[in-house]
Amino acid sequence: MTLLSPGSGFDVFWGELAPCDHLVQIYDDESTFMQTLERFIGDGLNKGEATIVIATASHLTWLESRLREAGYDIDAAGASETYIGLDDATTLGQFMVDGWPDEERFANTIGALLGRAGRDGRKVRAFGEMVALLWAQGHNGATVRLEHLWNEVCTNHALALFCAYPRIGATRDLAESLAEVCALHSKVSAA
């Protein structure tokens with residue numbers, strides 16, 4: 001795991017992004033996080049990669065607006081599935097069973113999504129907020145399990161994955177759990 005200095009974001013790593021990198025940003029400032037997300041997705045689109053964003057409705061709206069302003073044709077990218085934007089809670093609901101990620105349902109849900117995005121041999125990069133949603137609901141164990149499942153996907157599908165967690169509400173117990181979450185990532189940027 002590489003720990004980046006506070007406030008550095010991932011800018012210096014875009015050129016070094018490996019197909020199996022699993023990045024996480026722990027943030028206090030939402031605007032800094034959103035700028036990092038915009039750069040992560042924009043860089044993928046510039047390189048001809050398929051991009052998947054599983055985020056809150058407000059983050060999807062903001063991101064798509066910013067990408068349009070930057071000159072990306074999000075409608076065309078959506079039609080060709082080089083950009084796939086999905087609601088985090090809806091997607092999470094497809095594989096959660098009794099408050100825990102079901103491995104088979106997760107594999108089916110994410111596998112189908114990767115199949116669409118990666119058709120014709122396209123590289124895929126993804127951003128997901130499902131772990132942050134579980135975290136915010138206090139499901140720390142389920143969060144860690146979902147991160148483990150994502151690590152398997154990153155390895156098996158050569159997927160570059162970016163996650164983000166707001167630091168809001170971090171207590172000592174949460175900080176210990178957060179250390180476990182950070183250990184599951186190849187690069188960590190913490191405010």
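Of the 191 residues of the protein, 49% count as buried. The model is predicted. Its chain forms eight helices and nine strands. Among contacts with a separation of 6 or more, 79% join residues that lie 24 or more positions apart.

**Helices α5 and α7**

- Helix α5 covers residues 103–117 and helix α7 covers residues 140–157. The two pack at an angle of about 45 degrees, and their axes are 11 Å apart.
- That angle makes α5 oblique to α7, because angles under 35 degrees would count as roughly parallel and those from 65 to 115 as roughly perpendicular.
- The crossing of α5 past α7 is right-handed.
- On the α5 side, the contact is made by Glu-103, Phe-106, Ile-110 and Leu-114. On the α7 side, it is made by Arg-145, Leu-146, Leu-149, Trp-150, Glu-152, Val-153 and His-157.
- Sorted by type, the residues of this contact are seven nonpolar, one polar and three charged.

**Aromatic rings**

- A search of the whole structure finds eight aromatic pairs.
- A pair of aromatic rings is described by two values, the distance of the centres and the angle of the planes.
- One of the pairs is Phe-127 with Phe-162. The ring centres are 5.2 Å apart and the planes stand at 55 degrees, so this pair is tilted.
- An angle over 60 degrees would have counted as edge-to-face, and one under 30 degrees as stacked.
- Phe-127 belongs to strand β7 (residues 124–128) and Phe-162 to strand β8, so the pair ties together parts that are 35 residues apart in sequence.
- Both rings belong to buried residues: Phe-127 has a relative accessible area of 1%, and Phe-162 has one of 0%.
- Phe-127 and Phe-162 are also members of one aromatic cluster, together with Tyr-27, Phe-33 and Phe-40.

**Glu-38 in helix α1**

- Glu-38 is part of helix α1, which spans residues 30–46.
- Glu-38 is a charged residue, yet it counts as buried, at 14% relative accessibility. The cut-off for buried is under 20%.
- Leaving aside residues up to four places away in sequence, Glu-38 touches Trp-62, Leu-63, Arg-66, Leu-67 and Ala-70.
- Leu-67 is one of these partners. Its C-alpha atom is separated from that of Glu-38 by 7.1 Å, while the two residues are 29 residues apart along the chain.

**Positive phi angles outside glycine**

- Glu-81 is not a glycine, but it has a positive phi of about 60 degrees.
- Glu-81 sits in the loop between α3 (74–79) and β4 (83–87).
- With a relative accessible area of 18%, Glu-81 is buried, since the limit for buried is under 20%.
- Ala-158 is not a glycine either, and it has a positive phi of about 50 degrees.
- Ala-158 is found in the loop between α7 and β8 (160–166).
- Ala-158 counts as partly exposed, at 38% relative accessibility, because partly exposed covers the range between the buried limit of 20% and the exposed limit of 50%.

Technical notes: Residues are numbered from 1 along each chain as its sequence is written. This is a predicted model: local features need pLDDT of at least 70, side-chain atom pairs count only at pLDDT 80 or more; totals for chains, interfaces and linings use all residues. Side-chain values use heavy atoms; hydrogens and water are left out. Axes are lines fitted to C-alpha atoms, for helices over the stretch in contact, and angles run from 0 to 180 degrees between N-to-C directions. Helices (H or I, at least four residues) and strands (E, at least two) are DSSP runs, numbered from the N terminus. Angles under 35 degrees count as roughly parallel, over 145 as roughly antiparallel, 65 to 115 as roughly perpendicular and the rest as oblique. A crossing is left-handed if the near helix is turned anticlockwise from the far one by less than a right angle, and right-handed if clockwise. Contact means heavy atoms within 4.5 Å. Buried means under 20% relative accessible area, exposed over 50%, partly exposed in between (1.4 Å probe, protein chains only). Rings of Phe, Tyr and Trp (its six-membered ring) pair if their centres lie within 6.5 Å; planes under 30 degrees apart count as stacked, over 60 as edge-to-face and the rest as tilted.
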